[in-house]
Amino acid sequence: MAIATINPATGERLKTFEPLKDAEIAAKLDLAGQAFDLYRLTSFQQRSHWLQKAAEILEQEKADFAKLMTLEMGKPFKAAIAEVEKCALVCRYYAEHAPGFLADVPVKTDGSQSFVRYQPMGAILAVMPWNFPFWQVFRFAAPALMAGNVGLLKHASNVPQCALAIEDILQRAGFPQGAFQTLLIGAAKVADLMADDRVKAATLTGSEPAGASLAAAAGKQLKKTVLELGGSDPFIVLESADLEAAVATATTARMLNNGQSCIAAKRFIVADAIADKFEKLLLEKFAALKVGDPMEPDTDLGPLATPDILQELDQQVQKAVKSGGKVLIGGHPLADRTGNFYPPTIIIDIPIDSPIAQEEFFGPVALLFRIRDIDAAIKLANEIPFGLGASAWTTNDQERDRLIEEIEAGAVFINSMVKSDPRLPFGGTKRSGYGRELSIQGLHEFVNVKTVWIK
């Protein structure tokens, strides 16, 4: 794939970048190593100051950064604004809390003094996706930089200007030259980076194949990885649920980021007793959504990021229909306009044992399943390879406790949509990946946990 900005709303190629040559990559790795030797010695107070300054830049220039995101990957401008604001939030969170999270932890032993110390690892490679081009990077960069590591960003090839803008923000905030660098390279170069002694570990958010490839390359070098991969999150609505609230949230949860989110609700698992009403209300909500120019303030749904994503989604919908599914609304790309537009789509009656029911639909397509009771709901929710997040709706305390305990996922949200929050660890189970981002757990993924014992 070319490294280029191509407006997904128009198909216009706006800017193309030459990938870094091997010598240029080597120079950046050298710079990262040199930067780490000095940066690791900086104080928490100094790092916090720089990270707070990055938050200020994000907030002051949020309209410019939001426009860049919308231009490169098509998310509604209002959603892009919210994403920049969330990046400022995660910067401030770690600027404030990281010193405490990384403080020595005393442990009583037979020594005169014993404690656990957290120390930085070095240069960490971040392989990041296009769907949240700022947030995915900052939720890695903020804790990594506060821990004393330096960052190397290999961003998705369709958001190069976002990638360069992030490096610029951190440099303007005061971080030393080389503390965070963007590498404009193709995916084929990742294995070479993992084989380089100057790269100590890696994190990836993306597809299963991408995660498996990175993990294999890192495994050969005995290097640590954190992977956040795909998901086909269930949205369970039981008979006792507040139906109006569930439907309103279901619409938002499915259409978030034009439907292109790993933690978007994708499989709607609804109790038979309320399924007819839920289906009717969801259909009304989907029909009322405005598809159009993502820069317009009243647009609810913009284009998908690339033509390939549009084609793959449509192929999945057609496979679902061939397997027995019925389309209630949408179901085909919007042929009356340029760009990668797919309408809000609802599919019912897909056989639960069909192969297509196991796949992740990365776009504004909702799969609706009916179940008889909570046992069937939990069984269906778990019978997929993924385990990223789950949203479940009930007002019954016993049902709530069962859903929390028995759903196989990295997160369960009761009567709310799944979301990421700097205060809580984020990550999945099964083929949705391993390791955690955010909170104290995310910060500790990329540190050396050193035991100290003094006689």
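Contact here means heavy atoms within 4.5 Å. The exercises below use that sense throughout, and they concern a predicted model.

**Exercise 1. Describe the surroundings of Ser-391, stating its element, whether it is buried or exposed, and what its side chain reaches.**

Step 1. Begin with the secondary structure: Ser-391 belongs to strand β16, which covers residues 389-393.

Step 2. Turn next to accessibility, for which the cut-off for buried is under 20% relative accessible area. Ser-391 has a relative accessibility of 2%, and therefore counts as buried.

Step 3. List the partners that are not within four places in sequence: Ser-391 touches Pro-234, Phe-235, Ile-236, Phe-413, Ser-416, Met-417 and Val-418.

Step 4. Look for a polar partner among these residues. The side chain of Ser-391 comes to 2.6 Å from the backbone oxygen of Ser-416, and Ser-416 is also listed among the residues that Ser-391 touches.

**Exercise 2. Carry out the corresponding analysis for Asn-382, and find which backbone atom lies 2.9 Å from a polar atom of its side chain.**

Step 1. Asn-382 is placed in helix α12, a run given as residues 374-382.

Step 2. Its relative accessibility is 14%, so Asn-382 counts as buried.

Step 3. With residues up to four places away in sequence set aside, the contacts of Asn-382 are Glu-406, Ile-407, Glu-408 and Lys-430.

Step 4. The atom sought is the backbone nitrogen of Glu-408, at 2.9 Å from a polar atom of the Asn-382 side chain.

**Exercise 3. For Val-127, determine the strand, the burial and the contacts, and then state how far its C-alpha atom is from that of Lys-53.**

Step 1. Strand β5, residues 123-127, contains Val-127.

Step 2. The relative accessible area of Val-127 is 12%, and this residue is therefore buried.

Step 3. Beyond the residues up to four places away in sequence, Val-127 touches Lys-154, Val-190, Thr-203, Leu-204 and Thr-205.

Step 4. Lys-53 is 74 residues from Val-127 along the chain, and the C-alpha atoms of the two are separated by 25 Å.

**Exercise 4. Leu-222 and Leu-438 have positive phi values; decide for each one whether it is buried or exposed.**

Step 1. Take Leu-222, whose phi is near 55 degrees, a positive value in a residue other than glycine. Leu-222 sits in the loop that runs between α8 (208-220) and β9 (224-228).

Step 2. The cut-off for exposed is over 50%; at a relative accessible area of 79%, Leu-222 is therefore exposed.

Step 3. Take Leu-438, whose phi is near 70 degrees, and which lies in the loop between β19 (433-434) and α14.

Step 4. With a relative accessible area of 1%, Leu-438 is buried, whereas Leu-222 is exposed.

**Exercise 5. Identify the residues of the largest nonpolar core that touch the most other members, and follow the contacts of Val-237.**

Step 1. The largest nonpolar core has 156 residues, and those touching the most other members are Leu-58, Tyr-94, Phe-134, Phe-138, Val-237 and Phe-278. Helix α4 supplies the largest share of this core, twelve residues.

Step 2. Leaving aside neighbours within four places in sequence, Val-237 is in contact with Leu-243, Ala-246, Ile-269, Val-270, Ala-271, Ile-274, Phe-278 and Trp-393.

**Exercise 6. Characterise the second largest pocket and the largest cavity by volume and lining.**

Step 1. The second largest pocket holds about 440 Å³ of space. Its lining comprises 21 residues, and Lys-86, Phe-132, Trp-135, Leu-256 and Ser-420 lie nearest its centre. Two or more lining residues come from each of α4 (77-101) and α5 (135-146), and α4 makes the largest contribution, four residues.

Step 2. Sorted by class, the lining of this pocket has ten nonpolar, five polar and six charged residues.

Step 3. A search of the whole structure gives five cavities of 30 Å³ or more, and the largest cavity has a volume of about 90 Å³.

Step 4. Among the residues that line the largest cavity are Arg-139, Phe-140, Pro-143, Ala-144, Thr-203 and Leu-443. Helices α5 and α14 (439-444) each give at least two residues to this lining, with α5 giving the most, four.

Step 5. The lining of the largest cavity divides into five nonpolar, three polar and four charged residues.

Methods:
Residues numbered from 1 in each chain as written. Predicted model: local features only at pLDDT ≥ 70, side-chain atom pairs only at ≥ 80, totals over all residues. Heavy atoms only, no water. Buried < 20%, exposed > 50% of the residue type's maximum accessible area, 1.4 Å probe, protein only. Polar contact = N/O pair within 3.5 Å; in protein donor to acceptor, adjacent residues only side chain to side chain. 1 Å grid on protein atoms, 1.4 Å probe; cavity = no way out; pocket = protein on both sides within 12 Å on 5 of 7 lines; lining within 4 Å. Points joined across faces, edges and corners; volume = space filled by probe spheres on them. Nonpolar A, V, L, I, M, F, W, Y, C, P; charged D, E, K, R; others polar. Core = buried A, V, L, I, M, F, W, Y, C linked by side-chain atoms within 4.5 Å.
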